[in-house]
Protein chains: 2
Amino acid sequence: MNRCLINGIAAGHVSVSDRGLHYGDGVFETIACVAGSAEFVREHLSRMREGAGRLAIPFPDPALFLQDIAALLASADAAGDCVIKLMLTRGAGRRGYRYDPLLAPTRIALRSERPARVNRWKQGMRARFCETPVSVNSRLAGVKHLNRLDSVLASAELGESCDEGIMLDPQAHVIEGTMSNVFAVIDDVLVTPDLAHCGVQGIIRGKLLQGAAGLGLQTGVRELQQHELLAAAEVFVCNSVIGVCPVTQLAGRRKQPGPITSMLEQVLQHLIEIDVQAAE
Amino acid sequence: MNRCLINGIAAGHVSVSDRGLHYGDGVFETIACVAGSAEFVREHLSRMREGAGRLAIPFPDPALFLQDIAALLASADAAGDCVIKLMLTRGAGRRGYRYDPLLAPTRIALRSERPARVNRWKQGMRARFCETPVSVNSRLAGVKHLNRLDSVLASAELGESCDEGIMLDPQAHVIEGTMSNVFAVIDDVLVTPDLAHCGVQGIIRGKLLQGAAGLGLQTGVRELQQHELLAAAEVFVCNSVIGVCPVTQLAGRRKQPGPITSMLEQVLQHLIEIDVQAAE
């Protein structure tokens, strides 16, 4: 039963010279697969291609990633839910930051179980503000790259009493969760942080902004302060694996799951159904 | 002939689940080995231990790294010069930023050739200012970690006409080279950027600051502006592999190698000799 494909071949190891290991020189995507169907594959591959372009990593034929996904799903328990992580690194090279532009990238597809705790999180997540800030680099803003020490250190702050951490930039603006994007309902407007300077532009974030506009809901992508998040009528986080999850505890204060969160969760479910049907 | 040891065993691959690959979750050191002797090993291991501590990665018994280094040197051409890169990652784990604190770290020791171009660089390096800024995260400042996309993208700007790139922070202060620390002689003071907020505190940088003080030379660790570097009487860069190299061209302007650069290069050579003799 294949769990991992490297350049399309079942394998469990990468070269010790891979630049993904040495420098985090690559990009990745995390794709939810429910009942044997991978969700929003086109959007994930499109974002990955864009991120690879930003790093000047040659992007392989997307059909190769599609084959990897199909092979991993075919070898999984067909009815089971899982997560497929795709990675593309610049490949194995000589020591040193400078790279040979002709290097062959390493294509990785890795299947893992859908975390059981997601079912609990759907009822409500406990969140806190993290001390570890988001890393800032204008050249890397928005790219889902492999330099993720900020999220690693932030998630280590959570302990057992929290499910997700809200990360701030150095000016203490709310940016994102350690593994999610953040939304708030403030004065009936759906607000999410502007990610022009840092943070990862999530696929689900994009879908929800579109879906909300389609519902006639006013949206705002802007600077967001901690006190605004604390005072918001509704707060939720989202990503490809957890979908939409209400935040029911924030920095020790209780919050109620709200109607807009619940409506957007339904919109997302609908968009997923359309996506999966279109792919069949 | 062993080129790489992973947890002390000759190998060429790491687990595809290694957190070094997924998140850049680890630290590294680059050690110069000349005529069969590894330089400043104690200092490198001490910095690595401190960096691992900042990331809460358990640090192995340093004797294990010493054994790795000895084994790689014993299997190399004894008279040859080489570079040994040590890496310590948090180890192979399940998907997700959160980690099990009991994870066994991955210890990597990798030998490569000393780059031939270093001999040319000793005569003078051509440098430019890079557009890619240094990544900023207060929790990571000074740590030689595996999140190095900023240096990768900056070094890609150099092309064939430049040997090293000078990187700035978002406020356009001079911070470091893509692979080196930067020094300037300004009004007879040896100046190097303050790295409290970002950048890597190099071993050689520390040795030169000590050595300069020992010579009665005034030193300044402070904010440094681009125009100051351009106007400085002498500019040089340093790291463990290249030692001290004068910058003889900066942003298109020619510069002369100066007497303080040359004196510090001799001081460094002297400190290396003392270090190697003490280790024998």
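**Exercise 1.** Determine which rotation and shift lay chain A on chain B in this predicted model.

*Solution.* Step 1: a turn of 180°, with a shift of 0.0 Å along the axis, lays chain A on chain B with an RMSD of 0.0 Å. Step 2: the two copies are therefore related as by a two-fold rotation axis. Step 3: the C-alpha of A:L21 lies 2.0 Å from the rotation axis, and A:L21 is the residue of chain A that comes closest to that axis.

**Exercise 2.** Describe the contact between the two chains and establish whether the copies meet through the same or different surfaces.

*Solution.* Step 1: chain A contributes 47 residues to the contact and chain B contributes 48 residues. Step 2: on the side of chain A that touches chain B, two or more residues come from each of β1 (4-6), β3 (13-15), α1 (19-23), β6 (82-89), β7 (106-113) and α5 (149-155) of chain A. Step 3: among these elements, α5(A) gives the most, with 6 residues. Step 4: by class, this side of chain A comprises 23 nonpolar, 16 polar and 8 charged residues. Step 5: because 98% of the interface residues of chain A are also interface residues in chain B, the copies meet through the same surface.

**Exercise 3.** State in which sense β3(A) pairs with strand β3 of chain B, and identify the bridge partner of A:V14 in β3(B).

*Solution.* Step 1: β3(A) pairs with strand β3 (residues 13-15) of chain B in the antiparallel sense. Step 2: this pairing extends over 3 bridges. Step 3: A:V14 has B:V14 as its bridge partner in β3(B).

Technical notes:
Residues are numbered from 1 along each chain as its sequence is written. Chains are lettered from A and ligands numbered from 1 in the order in which they are written. This is a predicted model: local features need pLDDT of at least 70, side-chain atom pairs count only at pLDDT 80 or more; totals for chains, interfaces and linings use all residues. Copies are superposed by least squares on the C-alpha atoms of residues with pLDDT of at least 70 in both. Two residues are in contact if their C-beta atoms, placed from the backbone, lie within 7 Å. Helices (H or I, at least four residues) and strands (E, at least two) are DSSP runs, numbered from the N terminus. Ala, Val, Leu, Ile, Met, Phe, Trp, Tyr, Cys and Pro count as nonpolar, Asp, Glu, Lys and Arg as charged, and the others, Gly among them, as polar. Two strands pair if DSSP finds at least two bridges between them.
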